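Look at the structure shown here before reading on. The report below goes through its strands, its helix contacts, its cores and its cysteines.

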Amino acid sequence: MNTDNNYAFPVVSTASNEEIKANYWKCLYTSADEKMLQYWVILPNRVKPAELTPQYLPEVGLTNLGRYVTDDAQPYMEVWAAYERCEWEMNPSDWLFNKLELMGEKVLNQRLITHPSGSGLFADVLTLKTHSSGDEVISRYTVQKDYNPQEGGGNYFLIKAACAARDYPALANDIYFTVVNWDLLHRSNLALAELLETVSLSAKNNSGFQVPESWQVKPLTETRLVVEHSFDGTNYGVINLCFFSQEMLFSAQDVFSISTKRFHDQEPAVTLKTEALATIPNEFNPSLGKTLWTCRGEMLSAEEEMRAVYQCYIFNVGKVWCYAELIGRHRNYRDYHYEANKRCLEIILSTFHIEMPKP
């Protein structure tokens, strides 16, 4: 993604090992009492610590850990590390984009990186923010995630390197090098915010999938499962899984039509508006085939005064069609239901497995 070509987005360092040794230093942040919050970061020599005492910032829901600034007359650069504890499993990238919207940052460029450990999608993002004074600031963010062994849930971290837009061409490489060279000093053994539980689809084999432990799974029929994120009687997200024989339905469009028929059969107060069904490359799970069918939309209920996100994926395994449907809350700054719902559906797809009977 690149919405403004005026700002470089380097993804490799042009500095030699000798230049790196001469121009950067390794900062060990140990000012937080909790070891789980301690980290290291590589900084340009002229960037020095300015604030090291953890401070909660209620306007953005983050705890500032360390702030570092230049100490000379050359172009000003600032580095900022912060974190938030969240109780649910989600992609660090989705958590970051939530924060960027809250902070009024305009995304100029981004990289999304799938972590090999299975802990989700991470992000490297370049942004522009115009302050009330008219000053324009360019920032680059990256994220980390770790289990919180004290309170449960996950610690979601960001690091930000920023400068005035007019100085960015001179500082782009320093900013890149800083945001990709940092990590936690004391990682836990769990790369997730929640443990995953296995849901079995058969008593005869290992067919099934996984969900975060805060989700509840209920079979409605032999061919339909409901996966819910409900607390104190309130549902914040639901994933429907429906299974069909390929001898009965012959195309993904047939599966989509049958699966969404229930919306159109209800009272007029409930409506479903969706895009057309489209194919996308399968980047979730090799066992689901080369392509998936998907569409997005919105479910509206006038009676309940509700607007919900709709997302579906359709795929076939062996002689079975599977329709996976998410209905949940839109993104907002007061909670992370949208992010948790999205992540749960992705975990189901990435771990979904059906063992075919042996001939």
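## The three-stranded sheet

In this predicted model, strand β2 (residues 39–44) and β11 run antiparallel and are joined by three bridges. One place to find this pairing is tryptophan 40, whose bridge partner in β11 is aspartate 183.

The two strands belong to an open sheet of three strands, in the order β1-β2-β11, with antiparallel pairing. β1 (24–29) and β11 (182–184) are the edge strands; each has a single partner strand, so one side of each has no neighbour in the sheet. On average, and ignoring direction, neighbouring strands here are turned by 20° against each other. Helix α3 (residues 168–179) lies across β1, β2 and β11, and runs at about 165° to β2.

## Strands β5, β6, β9 and β10

Strand β5 and strand β6 run antiparallel, with six bridges between them. The two form a hairpin that has six residues between its strands. Within this pairing, asparagine 64 has alanine 82 of β6 as its bridge partner.

Strand β6 (residues 77–86) is also joined to β10, by 10 bridges, and these two run antiparallel. Two positions show how they line up: glutamate 78 stands opposite alanine 162 in β10, and tyrosine 83 stands opposite phenylalanine 157 in β10. Strand β10 pairs with β9 (residues 136–147) as well, in the antiparallel sense, over 11 bridges. There, isoleucine 138 has cysteine 163 of β10 as its bridge partner. The hairpin of β9 and β10 has six residues between the strands, and glycine 152 in this hairpin takes a positive phi near 80°.

How many residues of strand β10 (residues 154–164) are buried? The count is 11 of the 11, so β10 is largely enclosed by the rest of the structure. Strand β6 is mostly covered, with eight of its 10 residues buried.

## The nonpolar cores

In soluble globular proteins, nonpolar side chains tend to be buried together. The largest nonpolar core in this model has 33 residues, and Tyr39, Tyr68, Val79, Ile138 and Tyr168 touch the most other members. At least two residues of this core come from each of β1, β2, β5 (62–70), β6, β8 (121–130), β10, α3 and β11. Helix α3 gives the most, with five residues.

Another core lies apart from this one; it has 24 residues, among them Leu96, Val107, Tyr156 and Ala340.

Tyrosine 39 can be followed further. Leaving aside neighbours within four places in sequence, tyrosine 39 is in contact with Cys27, Leu28, Tyr29, Leu65, Gly66, Tyr68, Ala81, Asp183, Leu184 and Leu185.

## The cysteines

A disulfide is a covalent bond between the sulfur atoms of two cysteines. The cut-off used here is a pair of cysteine sulfur atoms within 2.5 Å, and by this rule the count is zero disulfides.

Why is cysteine 312 not bonded to cysteine 295? The sulfur of cysteine 312 is 3.8 Å from that of cysteine 295, its closest cysteine sulfur, and this is too far for a bond. Seen from the other side, cysteine 295 is in no disulfide, and the nearest cysteine sulfur is that of cysteine 312.

Are these cysteines buried or exposed? Cysteine 295 is buried, with a relative accessible area of 1%. Cysteine 312 also counts as buried, at 0% relative accessibility.

Technical notes. Residues are numbered from 1 along each chain as its sequence is written. This is a predicted model: local features need pLDDT of at least 70, side-chain atom pairs count only at pLDDT 80 or more; totals for chains, interfaces and linings use all residues. Side-chain values use heavy atoms; hydrogens and water are left out. Buried means under 20% relative accessible area, exposed over 50%, partly exposed in between (1.4 Å probe, protein chains only). Helices (H or I, at least four residues) and strands (E, at least two) are DSSP runs, numbered from the N terminus. Two strands pair if DSSP finds at least two bridges between them. Axes are lines fitted to C-alpha atoms, for helices over the stretch in contact, and angles run from 0 to 180 degrees between N-to-C directions. Contact means heavy atoms within 4.5 Å. A nonpolar core is a set of buried Ala, Val, Leu, Ile, Met, Phe, Trp, Tyr and Cys residues joined through side-chain atoms within 4.5 Å.
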